[in-house]
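Q: How are the descriptive terms applied to a model such as this one justified? The structure is shown first, and the questions then take up the terms in turn.

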Amino acid sequence: MIEKWICVHGHFYQPPRENAWLGAIEPQPSAHPYLDWNARITAECYRPNGAARIVDGAGRIVDIIDNYERMSFNVGPTLMAWLEREAPDVHHALVESDQRSQARFGGHGSAMAQAYNHVIMPLASPRDQRTQVRWGVTDFRHRFSRDPVGMWLPECAVDVATLEALAAEGIAFTVLAPNQARRVRRPGGPWIDVTGDRIDPGRCYRCPLPSGRSIDLFFYDGPASRAIAFEKLLDDGNVFARRLVARDVAPDGAVLCHVATDGETYGHHHRYGDMALAWALQSIERGDHAGARLTNYAQFRALFPPQWEVEIAEDTAWSCAHGIARWKDDCGCNSGAHATWRQTWRRPLRDALDWLRDRAADVFEDASVGLMADPWAARDDYIALILDRRPERVAQFLAVHAPAVADEAGRTRVLELLELQRHAMLMYTSCGWFFDDISGIETVQILQYAARVCELVERVSAQPVEAELVDRLAAARSNLDRFRDGRGVWDHAVRPSRVDLGKVAAHWAASSAIGMPAEADADAAHRARRSSQAPFWVAERGRAEQVYCYQVESREVVQRRTGKAHLVAAVTRCASLITGEHAELAVAALHLGEHHLLGGVRAFPGEDAWQAAVDELCEAFLSADLLGAQRALDRFFDGGVFSLGSLFGRERDRALGHILETSLHEAESGFRRLYDEHAPLMRYLVKIAAPVPETFRAAAELVLRHRVLAALREPVPSYEAVRACVAEAWQVRVDLDVPDVAYAAGEALGGMMDRLLRDPDDPELVEQLSKMAEISGRMESRVDLWRAQNACVRLRAARLPDWRARAAAGDAVAERLIAGFARLGAALHVYVE
């Protein structure tokens, strides 16, 4: 008999981190060695929970399971959008997990929706509350191909108006913390005060609403959830499982034992937390705990409908002891990392953004006259374009919401107004207030969105708002002297992040000047002749490239080389792929080698002026008068000049790598000659225990690490080549156990295992893999075996039984496969019987 129903909920969420103009995350050095925090947390948490390890007492993997299909979960819509772009395997795994959970839990999926971009709902305007819920529902339906039954509230922040907004959109339930219940009763009975976390979390409650609607509420087990998040309960999967089932059986029927934490608890906040969760879920699933069974909220609610009513404690949340003050006041809640810091900046930040929101709403309504019949309904439906911006979908949307708009300018204006409103909600993402200082990356992020709102308000209405907003932000005092206040944060961290069409053109030109292959126009000087049919600089027409969320179409492109110098000049049409805003811009860039780059951008001045400018540039450039070319750039692009720093974040890093490549190759060639010539002497010095000169040691380290990396990065890595590098390094006492080599080893093993999955009956490959895995296993630097282990477990299930059957019949190849696979499993820490 099932008496205890166990549900573990994970709230998987990251704030939107995309640059407000580029629509992409720029490099975040604090997330090193990953490019940004989304990528790092995906590697540490989101991906591992889709293939979590179950290990035995010897640390060997005995099984790999999907945690998501066995738990309850929600994933923030903005995070899902990022996963779809940057980690599609994880996005796909989450969707499939929800589908499998429906089969596991009686047709009830485990995924819950979430209010769109994690705003604190009780602090949002009624219109924003409605849109946040509608966008969350539409996004969920788009990804999971079903209607959501439950919706997670950001920070569990709640008031009656928020519950009304959920119920109005068909949401049946949400989950709250135990401190958020005020009183309960059986229908028609007396109310019982349950403040102070005294509500029974073991049942589902119905909350009647003033509108006549109702919504069902679950209140999670607070002490158990805190033990998971903060008290090291995840150190032992067995202890975790016992805590989940520890609740006494209810005298009046089945009891729900459920916990809720940030999903990142399982692997990011607590390393190996995904494995502890997997152990606990599997142990309950296989019946180790009598009378206990896994469930999700939707299934439990269907099996055991609410028999009690509840009233909530309004304006409360799960992560603030003072209601919802953490997102508007200096209440004392913070990260705890800076004991002397204050958060007095929160109130002026909230007030400033509320002022901007209201100004933006007025402009949105006024500017929509004659364009959109119902601008707020259009905003509610705009999520359809956020999810799919193909031209045909844009046309369909405009036909419904702006049928009177027939020209390009009108279409652009409608889309700008809707983008204004999108950013006006993004600027309320809760993380902007959660941490310790207004200069933190989360607060800078929401201020970026506010800057985009200011830009669009001023564009569509000609009403200046940025200056007043910044004046209001000056009242938000920073704890850091270098910023002083919100004005300093705006000037140092927000304003420089702005992007306009001129910067997009500059980025395109700088990339072209640095990245063009040397042989592309080697004979330009001999072919630079005027023609009566076309100006001599016309090299290409109609070439279009995407630069983040912009398109750059170049024409009248000229590219010239002389020595290491490279000149690019073109007329470009730069356009936003989101709003359609566009401009025709003339641009040129002169790369003199290494990091020396100079360019300019301006509005296209007309054919004659542009032809004269390019003539002058080319004449100076091809005459090797580089100083004259620079003067021509300065003169023609008066004030509109740019440098290598104009490249956007990730491309700047790639460009520097490209620039360094030649110089490094030359330096490495010198080191190779030095090492190869003196390696015998180094081996002799090591043999007699004499000191090796530092110059020789440095050359040996660089050369041998480079060689082992090259061997590991081969399409089919050779064990013999890697072993030879390792042996040679040992002879000259060079340490190859470094993070770069460890990373390459993990990638090589993953690639080789993928090849084995395609051709599983190759004994030589199995043996090569086992030897390579053994070498990797001896490294102290962490080798990522995740891909290789997943493949090994799949092969164990799919091929090992067949090999055993063949071996029993006397197949020598099968015997060899079994021996090699057992050795491989041992090296990868995978149990093979």
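A: The model is a predicted one. In the second largest pocket, the lining comprises 21 nonpolar, 18 polar and 11 charged residues by class.

Q: Which residues lie nearest the centre of the second largest pocket, and how many line it?
A: The lining counts 50 residues, and those nearest the centre are Asp-262, His-269, Arg-326, Phe-434 and Phe-435. The space in this second largest pocket amounts to about 1400 Å³.

Q: Which element makes the largest contribution to the lining of the second largest pocket?
A: Helix H6 does, with 5 residues. Elements that each supply at least two lining residues are H1, H6 (222-230), strand S12 (255-262), helix H15 (431-434) and helix H16 (441-461).

Q: What is the volume of the largest pocket, and which residues lie nearest its centre?
A: The largest pocket has a volume of about 1900 Å³. Of its 44 lining residues, Tyr-34, Ala-43, Arg-782, Val-783 and Asp-784 lie nearest the centre. Elements giving two or more residues to this lining include helix H1 (37-46), helix H26 (739-758) and helix H28 (786-798). H26 supplies the largest share, 6 residues. By class, the lining of the largest pocket has 19 nonpolar, 11 polar and 14 charged residues.

Q: Why is Glu-619 called exposed?
A: The term exposed requires a relative accessible area over 50%. Glu-619 has 59% relative accessibility and therefore counts as exposed. This residue is found in helix H21 (residues 607-622). Its C-alpha lies 54 Å from that of Thr-429, and the two residues are 190 apart in sequence.

Q: Why is Glu-594 called partly exposed?
A: Its relative accessibility is 44%. Partly exposed residues fall between the limits of 20% and 50%, so Glu-594 belongs to that class.

Q: What makes the backbone of Glu-594 notable?
A: Glu-594 has a positive phi of about 50° although it is not a glycine. Most residues other than glycine have a negative phi. Glu-594 lies in the loop between S18 and S19, a hairpin with 2 residues between the strands.

Q: How do you know that S18 and S19 are paired?
A: Pairing requires at least two bridges between the strands. Strand S18 (residues 582-593) and strand S19 (residues 596-603) are joined by 8 bridges and run antiparallel, so they count as paired. Within this pair, Ala-588 stands opposite Gly-600 in S19.

Q: What makes S19 and S20 a pair?
A: There are 2 bridges between S19 and strand S20 (residues 641-642), so the requirement of at least two is met. The two strands run antiparallel, and Gly-599 has Phe-642 in S20 as its bridge partner.

Q: Why are S7 and S9 said to stand at the edges?
A: The open sheet of 6 strands has the order S7-S11-S10-S14-S8-S9, with mixed pairing. Strand S7 (173-176) and strand S9 (192-193) each have a single partner strand, so one side of each is left without a neighbour in the sheet.

Q: How do you know that S10 and S14 pair, and in which sense, parallel or antiparallel?
A: Strand S10 (residues 205-208) and strand S14 (residues 308-312) are joined by 2 bridges and run parallel. Since at least two bridges are needed, the two strands count as paired. Tyr-205 stands opposite Trp-308 in S14.

Q: Which residues of H13 are buried, and why are they said to be on the same side?
A: In helix H13 (residues 391-401), the buried residues are Val-394, Phe-397, Leu-398 and His-401. They cover an arc of only 95° around the axis, which puts them on the same side of H13. These buried residues pack against helix H11 (375-381), helix H12 (383-387) and helix H14 (408-426). The face turned away from the buried side carries the exposed residues Ala-399 and Val-400.

Q: Why is Ala-689 called exposed?
A: Ala-689 has a relative accessible area of 70%; the cut-off for exposed is over 50%, so the term applies. Ala-689 lies in the loop between helix H23 (649-687) and helix H24 (694-712), and its phi is near 65°, a positive value in a residue other than glycine.

Note on methods
Residues are numbered from 1 along each chain as its sequence is written. This is a predicted model: local features need pLDDT of at least 70, side-chain atom pairs count only at pLDDT 80 or more; totals for chains, interfaces and linings use all residues. Side-chain values use heavy atoms; hydrogens and water are left out. On a 1 Å grid over the protein atoms alone, a cavity is a set of points where a 1.4 Å probe fits but cannot get out, and a pocket is an open set with protein on both sides within 12 Å along at least five of seven lines; lining residues have an atom within 4 Å of a point. Grid points are joined across faces, edges and corners, and a volume is the space filled by probe spheres set on the points. Helices (H or I, at least four residues) and strands (E, at least two) are DSSP runs, numbered from the N terminus. Ala, Val, Leu, Ile, Met, Phe, Trp, Tyr, Cys and Pro count as nonpolar, Asp, Glu, Lys and Arg as charged, and the others, Gly among them, as polar. Buried means under 20% relative accessible area, exposed over 50%, partly exposed in between (1.4 Å probe, protein chains only). The arc is that of the directions from the helix axis to the C-beta atoms. Contact means heavy atoms within 4.5 Å.
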